[in-house]
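The following dialogue concerns the reading of a two-part exercise in structure analysis. Please examine the entry below before turning to the questions.

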Amino acid sequence: MYFSVKTSVLHGIDSMVVSCESDVSNGMPVFLLVGFLSEEVKESRERVRTALSNIGISLPVKRITVNISPASIKKSGTSFDLPIAISIIGAMGMIQSKDLDRSLMLGEMNLQGDILPVNGVLPAALSCKENGIDIIIVPDENKKEASLVPGLKVIPVKSLSDLIAILKNPLPDVSDIYYKNSETEYSEILGNIPDFKNIKGQRLLRRALEIAVSGMHNILISGPPGAGKTLAAKCVPSILPPMTEPEKILISKIYSAAGIFREEGSLLSTRPFRSPHHSVSKAGLAGGGRNPMPGEITLATGGVLFLDELPEFSRDTLEVLRQPLESHDIYISRVSQSVTFPADFMLIASMNPCPCGYFPDLNKCHCNEPDIRRYMKKLSGPLLDRIDMTTSVKALSFDELKNAELSESSYEIYKRIEKVMDIQKKRFNGTNILFNSRIPAEKIEKYCVLSDDAALFAKDRFIKLELSARSYHKILKIGRTIADSNEHEYIENNDLKEAFLYRDLTWK
Amino acid sequence: MILEKINSMNELKNNKTPYSLWLNSIVGVTVKEKKALMEYFDSAVKIYKANTTELERSLILSNDKIEIINKSRNEIPLVKPYNDMTKRGISYYDYKDSNYPIALKEIPDYPLGIFHYGKPIPNENICVAIVGSRRCTTYGSKAAEELAYILGKSGFTIVSGMARGIDSHAHCGAVKAGAFTVAVLGCGVDVCYPPESQKLYMDISKNGCIISEYPLGQSPLPKLFPQRNRIISGMSRHIIVTEARAKSGSLITADLALQYNRNVYAVPGRMYDTLSEGTNLLIENGANLITSPENMLKLISQNSFRNFEIMDELSHESIDELNDNESIVLKEIDYYSIHRDDIEKNSGFTGDNLTDILDSLTEKNRINEIYSGYYVRK
């Protein structure tokens with residue numbers, strides 16, 4: 001007898017609906033599992049057989065064939081135990097299939113028949129809607145994640161016997177009670193994010209970060225140890241705009257696929273802040289593995305990727321950032337499958353100016369020129385080219401630290417950034433550009449128009465500083481953001497002068 | 001083979017240099033003994049031609065060392081090193097050669113000979129050494145360059161070590177003045193160290209010369225540099241230290257200079273500046289205090305019983321006038337780097353105003369952004 005149920009397979013951060021079909025027929029007694037399965041899916045046979053016998057169902061002495069189709073897609077992950085078990089039970093004629101045509105199930109099983117949580121429930125739930133499926137059967141622990149999709153009935157199950165009991169009758173009418181439409185306010189998302197008001201002094205850095213966030217420019221912060229580079233970077237999420245609904249879904253999907261979705265009863269609403277340690281591997285940063293998993297750059301999508309002590313990262317690891325920084329996604333190609341993960345983040349990197357950390361304070365720094373040059377060489381030119389802005393911080397004096405006066409709060413800064421973002425939205429309306437930092441080289445002439453005296457100034461500086469075309473374009477893009485923040489239609493002289501403050505790291 | 005040897009010997013009849021080179025490259029006989037041999041036999045040629053009896057009669061060498069010398073006549077080729085060297089425009093002068101710097105012979109451990117690349121050293125010029133630390137502030141480098149320029153214009157030869165920092169700036173100043181400048185290296189004269197100074201190396205070899213007591217191809221070793229310093233102080237009548245930490249190679253040079261009865265001058269610094277601790281220490285111990293370029297020339301005139309005066313053309317470069325705001329901001333900027341945030345806090349100017357002022361100060365060549373966001377006075 002033939003029986004089939006629907007389940008899903010995770011591909012990148014998206015799920016694809018596949019069907020799990022079983023057939024129990026006369027012949028040599030075997031239990032076959034086919035359909036381009038990876039090792040952990042093949043193991044499912046033993047789990048299913050044991051679990052069934054433990055809840056009192058013994059497999060018939062017949063030829064049992066289970067196929068997960070289409071067979072052209074590689075199946076991996078642990079979520080196939082439940083659909084395999086149910087399809088076999090169905091093929092044995094123990095349950096009816098009326099409602100199962102419009103439902104999708106996934107879950108891992110242990111030998112006792114308990115259902116364990118799995119990764120990628122949110123993408124699976126989202127794929128249900130696209131495929132006209134309105135019921136999803138998920139492990140009890142994943143029910144909140146599944147119920148984030150409006151209009152989807154969620155049936156949480158704790159064990160296989162529970163589910164068999166439920167399926168003997170028509171499915172209950174469970175409504176989407178768990179779904180909470182979370183219209184988050186700016187103040188709500190802040191939560192535990194450190195606020196800019198706690199950063200004393202550091203006017204240049206604060207201004208640079210404001211500009212960087214306004215245009216989503218990547219930024220490199222250089223300064224002595226203990227100057228507050230890391231704290232400042234951690235404050236950045238507090239001045240990022242709240243996420244839009246599609247952004248929330250995208251980021252929640254990524255986290256669900258990576259198996260680290262923790263939000264209780266709502267989509268992720270805080271922008272990610274990822275700060276991988278400098279010992280991170282290539283695959284850890286970019287994503288990878290035999291069944292590609294998202295890396296740090298994907299997990300930072302929609303938020304900030306903070307690379308503390310940039311020169312300490314291995315050079316090879318940093319080089320993988322080159323392509324994602326241009327295209328804002330990463331294509332991972334492996335033998336079994338190739339996936340594209342989003343990688344649309346704002347990069348903040350920090351570094352010391354020299355091995356001892358105190359250059360250019362010659363009273364403290366004893367590094368000689370070759371030492372510094374060697375230290376700087378750890379960063380490749382192409383990577384630095386993709387970092388729009390550079391700024392430096394200085395160590396605070398005791399007086400500045402003691403100063404109890406609070407600085408401008410994140411909210412005030414955010415208000416200004418919001419305006420700049422609106423201006424950009426209007427300017428790029430109808431194009432696929434979102435921010436000034438994303439203006440492609442061929443459009444720079446169109447969007448970054450200089451006023452007459454600014455053009456003269458730019459020409460003068462271009463010659464004096466011997467800028468490359470790319471450096472010049474970077475400055476124009478920063479200039480565009482500064483002009484937006486000063487509400488200038490064209491890039492004025494002063495905007496450009498400020499932009500030159502944040503040009504590439506220079507030292508003589 | 002023998003014919004060839006005889007031919008080349010004939011060619012060399014009137015040339016002592018290959019023999020001097022041969023003597024210099026013998027390993028196992030000390031410089032002191034080599035010098036004694038030179039004194040006894042009067043020239044390297046005669047040492048080469050001396051037989052065992054003659055060498056024994058000199059009572060300088062032990063039998064082992066005489067054996068070494070006898071062997072070296074066969075082992076060390078005479079002509080090839082000489083030809084290779086001359087092809088590259090490098091010469092070698094032993095201490096009896098007329099091209100050997102006269103002042104250098106005054107020191108007790110003068111080198112047996114020096115390798116020389118570039119123009120011949122004009123003996124009529126007085127050599128002044130300008131030395132200092134490798135890591136330097138704009139204050140030190142500016143002083144080195146300016147003093148070298150002025151001394152160069154007044155007809156002095158500027159001697160230094162071509163190291164990073166002060167040394168390089170001293171050479172630069174001399175090159176700018178079109179003066180003769182001598183770089184004393186701690187490696188072979190054909191080795192450019194530090195490697196990034198390739199251009200300076202070329203400039204020096206065109207405007208002056210590069211000398212070293214070490215054989216060609218000798219790579220720079222840390223132990224060779226203090227040895228090199230004795231040549232710098234030995235060659236020069238006057239030693240100027242512009243910037244040095246309390247423990248610094250430049251102070252060794254200055255100490256040696258005092259032993260050799262040279263005049264030591266130091267450029268003073270402020271008491272908090274670690275890079276001026278060494279120079280201030282020298283002043284405390286009685287070095288001549290340089291308060292201005294004019295004063296330096298006056299001091300050198302006094303000490304050398306001649307009169308040097310600053311030429312009119314270089315007395316004052318034209319300096320752009322500053323407006324009030326620029327003066328206020330410039331007051332906050334020092335020879336040690338200062339961050340923009342501090343300038344903002346101390347001067348009271350902010351944002352675009354400050355950017356403007358800093359820009360125009362940079363334009364007028366009064367300040368320099370040495371690192372993103374950090375400024376120093378020029």
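The turns that follow take up domains, the interface, aromatic pairs, salt bridges and backbone geometry.

Q: What kind of model is this, and how is chain A divided into domains?
A: The model is predicted. Chain A is divided into domain 1 (2-168), domain 2 (186-425) and domain 3 (439-508). Taken over C-alpha atoms, the centres of domain 1 of chain A and domain 3 of chain A are separated by 58 Å.

Q: Which domains does the assignment give for chain B?
A: For chain B the assignment gives domain 1 (2-87), domain 2 (118-314) and domain 3 (324-377). Between the centres of domain 1 of chain B and domain 2 of chain B there are 35 Å, again over C-alpha atoms.

Q: How many residues of chain A and chain B are in contact, and how much area do the two chains bury between them?
A: An interface may be read from its contacts and from its buried area. Here 39 residues of chain A are in contact with 32 residues of chain B. The two chains bury about 3100 Å² between them, and 45% of that area is on carbon and sulfur atoms.

Q: How many salt bridges and polar contacts does the rule find across the interface of chain A and chain B?
A: A salt bridge is recognised here by a side-chain nitrogen of Lys or Arg lying within 4 Å of a carboxyl oxygen of Asp or Glu. Across the interface of chain A and chain B the rule finds six salt bridges. In one of them, B:Asp342 is joined to A:Lys394, with the closest N and O atoms 2.6 Å apart. Polar contact across this interface is found for 15 residue pairs, both residues being at pLDDT 80 or more.

Q: Which elements give two or more residues to the side of chain A that touches chain B?
A: These elements of chain A are α8 (203-215), α15 (369-377), β18 (389-392), α20 (452-464) and α22 (493-501). By residue class, the side of chain A that touches chain B has 15 nonpolar, ten polar and 14 charged residues.

Q: How is a pair of aromatic rings described?
A: The description uses the distance of the centres and the angle of the planes. Over all chains, a search of the whole structure finds 14 aromatic pairs. For B:Trp22 and B:Tyr48, the ring centres are 4.8 Å apart and the planes stand at 85°, so the pair is edge-to-face. B:Trp22 lies in helix α2 (residues 17-25) of chain B and B:Tyr48 in helix α4 (residues 44-49) of chain B, so the pair ties together parts 26 residues apart in sequence.

Q: What is the count of salt bridges over all chains?
A: The count comes to 47 salt bridges over all chains. Among them is the one between A:Asp484 and A:Arg480, at 3.0 Å from N to O. These residues are four apart in helix α21 (residues 469-485) of chain A, and are therefore separated by about one helical turn.

Q: Where is A:Pro360 found, and is its peptide bond from A:Phe359 cis or trans?
A: The reading rests on omega. The bond from A:Phe359 to A:Pro360 is cis, with omega near 5°, and A:Pro360 is found in the loop between β17 (346-351) and α15 of chain A. In chain B, the bond from B:Tyr193 to B:Pro194 is cis, with omega near -5°. B:Pro194 is found in the loop between β5 (181-184) and α10 (198-207) of chain B.

Methods: Residues numbered from 1 in each chain as written. Chains lettered and ligands numbered in written order. Predicted model: local features only at pLDDT ≥ 70, side-chain atom pairs only at ≥ 80, totals over all residues. Heavy atoms only, no water. Domains from an automatic or database assignment. Contact = heavy atoms within 4.5 Å. Buried area = accessible area lost by both parts, 1.4 Å probe. Polar contact = N/O pair within 3.5 Å; in protein donor to acceptor, adjacent residues only side chain to side chain. Nonpolar A, V, L, I, M, F, W, Y, C, P; charged D, E, K, R; others polar. Phe/Tyr/Trp six-rings, centres within 6.5 Å; stacked < 30°, edge-to-face > 60°.
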